[in-house]
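Morning, everyone. I have one model to go through today, and I will take it a piece at a time.

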Amino acid sequence: MNRLTADASVEDVVAETEREGFAIIEGMLSAQEAAAIRTEVTEILEATPTGRNDFEGFSTRRIYNVFAKTRSFDRLATHPLILGLLDSILGPSYQLSAPTGIEIGPGETAQNLHTDDGVYPLPRPHDEVVVNTMWALDDFTEANGATRVVRGSHRWVDERPDDSTPVLLAEMPAGSMLVFRGSLYHGGGANQTERPRFGMILEYVAGWLRPQENHLLGVPREVVRELPKRLQELLGYNIHPPFLGYVDGRHPRRALEGGAAPTPQETLATLFEGKTADEQKALLAQLERGGAAVYRALAANESDPAARDALLAAAGREDENAEVLEAMRGEADVQ
Ligand SMILES: O=C(O)CCC(=O)C(=O)O
C-alpha cells in the first residue's frame, strides 16, 4: 500500500485518492501530539456510552457533537493539506458532516462495509460529495481494528461488497491520517486485543447537502463565537453560492456577530429591506398595533432556545420597541 507523508502536495494526495479511493498520510501529528490528544479525550470517553446497534458497535464508544466538547480537533479540522484536498474534490463551501471520535473496544466485531455518501439518495456514479478523514490517535493495527478499505470500490456502479470481497487494512502509526472518498466501501475492523483503538473521523460534505450532524443546534453559539472563522464556516456558518443557508436573508455569520438572536432593530431593518416608503409605513402601522405580537410570532418559529428567549424578551420591552419604531418612522419618512 502506497504511503504518503505530511509534506506531500495536495496534487499527490488527490491523485492517490483518485486511483485507490483512499490515501494514508503518515506524520500528520507527531507521536507526542497524538498522545496528548489521546489523553485529552479520555475524560469524554469515560462519559460516553457504548453503541446502540451493530453499526455503532456494542463495544465501541462514539463521541458525537465533538466541537461542543473539546478543542483538541480544531486544528486538525482546518489542516491546510486537507482543506486543499477538499477544495479540489468538493469545490467551495464544503462543511463538516459527521465529526465522530470512535473508540473500538476489546472484543468488538468488524463493522459492515459501507460508503459514507450512501446516506444521500444519489445514484452511482456521481461527482464526489463526501470526503472523510480518519485520524489515528492510537497505532492502527490488524489486531486492534484498523479501518478496512476496499481498494478501487469508489468506481463501482452496481457492485456491492460481500464476504469474499478483498479488503486492505489501514494499518498506520498514531498521528497518521487515512483520507478516503465518500463513495469508497470501508468499515471499522474487529478488535482482538485487550486495549481500545481510538480514531477521530472528520468527515466533510459538499456545501449544498445537509451535514449528517446538526452543528448549528449542537455547538452552542457562545462556543462557536470563540472559534477561528474557517472553523465557524465548516460548522455551517457559511453560505453555498448563491445563498443556500441564509438566515433572515443574510449571511449566517451575522447570527454570530449580532448576539444570540437578531436585535429588535436588526429584525425591523430586515423587515423594511426592499420595501417602498408606502409599504414601510403600512408595516409600521401594523407593528404599532402589535409590535410584541410580531416578536412572539418570530419566537414561536425559533428552535434555538437562546434566540427564542431573546425574542420573547424583546416582546416584553414595549418602551424599547416604541423607540425603535419611532426611529424607523423617521427613516421611512425621509424616503
Ligand atoms: O472506526 C473505523 O475505523 C471506521 C468507522 C466507520 O467507517 C463508521 O463508523 O462510519
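Before the first strand, one cut-off: a residue is called buried if 20 or more other C-beta atoms lie within 10 Å of its own. Also keep in mind that this is a predicted model.

With that cut-off, take strand β2, residues 22-26. It is mostly covered, with 4 of its 5 residues buried. Which strands does β2 pair with? Strand β1, residues 3-5, runs parallel to β2 and is joined to it by 3 bridges. In that pairing Thr5 stands opposite Glu26. Strand β9, residues 177-181, pairs with β2 in the antiparallel sense, over 4 bridges. There, Ile25 of β2 has Met177 of β9 opposite. For the link between β1 and β2, look at helix α1, residues 10-20: β1, α1 and β2 make a right-handed β-α-β unit.

Stay on Ile25 for a moment. Leaving out residues up to four places away in sequence, Ile25 touches Leu4, Thr5, Ala6, Ala8, Val13, Ser176, Met177 and Val179. Ile25 also turns up in the largest nonpolar core, which has 60 residues. The members of that core that touch the most other members are Ile25, Leu85, Leu86, Val131, Leu137, Leu178 and Val179. As background, nonpolar side chains tend to be buried together in soluble globular proteins.

Next, strand β5. Again 4 of the 5 residues are buried, so β5 counts as mostly covered. On one pairing, strand β3, residues 60-63, runs antiparallel to β5 with 4 bridges between them, and Ile63 stands opposite Gly101. On another, β5 and β11 are joined by 5 bridges, also antiparallel. In that pair Glu103 stands opposite Phe198.

Phe198 deserves its own minute. It lies in strand β11, residues 197-205. Is Phe198 buried or exposed? Phe198 counts as buried, because it has 24 C-beta neighbours inside 10 Å, and the cut-off I gave was 20 or more. What does Phe198 contact, leaving aside neighbours within four places in sequence? The contacts are Arg38, Val41, Gly101, Glu103, Leu137 and Asp138. Glu103 is the residue we just saw opposite Phe198, and Leu137 was among the core members listed earlier. For a sense of distance along the chain, Phe198 and Thr42 are 156 residues apart in sequence, while their C-alpha atoms are 10.0 Å apart in space.

Now the ligand. Which residues are around it? They are Ile102, Ile104, Gln111, Met134, Thr147, His186, Gly187, Gly188 and Gly199. Two elements give two or more residues to this shell: β5, residues 100-104, and β10, residues 186-187. By class, the shell divides into 3 nonpolar and 6 polar residues, with no charged ones.

That brings in β10, which belongs to an open sheet of 3 strands in the order β8-β7-β10, with antiparallel pairing. The edge strands are β8, residues 168-169, and β10, each pairing on one side only. Strand β7, residues 148-149, is joined to β10 by 2 bridges. Arg148 stands opposite Gly187 in that pairing, and Gly187 is one of the residues around the ligand.

To close, go back to β5 on the screen: it is mostly covered, it pairs with β3 and with β11, and it gives two or more residues to the shell around the ligand. That is all I have.

Definitions and conventions: Residues are numbered from 1 along each chain as its sequence is written. This is a predicted model: local features need pLDDT of at least 70, side-chain atom pairs count only at pLDDT 80 or more; totals for chains, interfaces and linings use all residues. A residue is near a molecule or strand if its C-beta atom, placed from the backbone, lies within 6 Å of it. Ala, Val, Leu, Ile, Met, Phe, Trp, Tyr, Cys and Pro count as nonpolar, Asp, Glu, Lys and Arg as charged, and the others, Gly among them, as polar. A residue is buried if 20 or more other C-beta atoms lie within 10 Å of its own, exposed if 12 or fewer, and partly exposed in between; C-beta atoms are placed from the backbone. Two strands pair if DSSP finds at least two bridges between them. A crossover is right-handed if, with the strands pointing away from the viewer, the path from the first strand over the helix to the second runs clockwise. Two residues are in contact if their C-beta atoms, placed from the backbone, lie within 7 Å. A nonpolar core is a set of buried Ala, Val, Leu, Ile, Met, Phe, Trp, Tyr and Cys residues joined through C-beta atoms within 7 Å.
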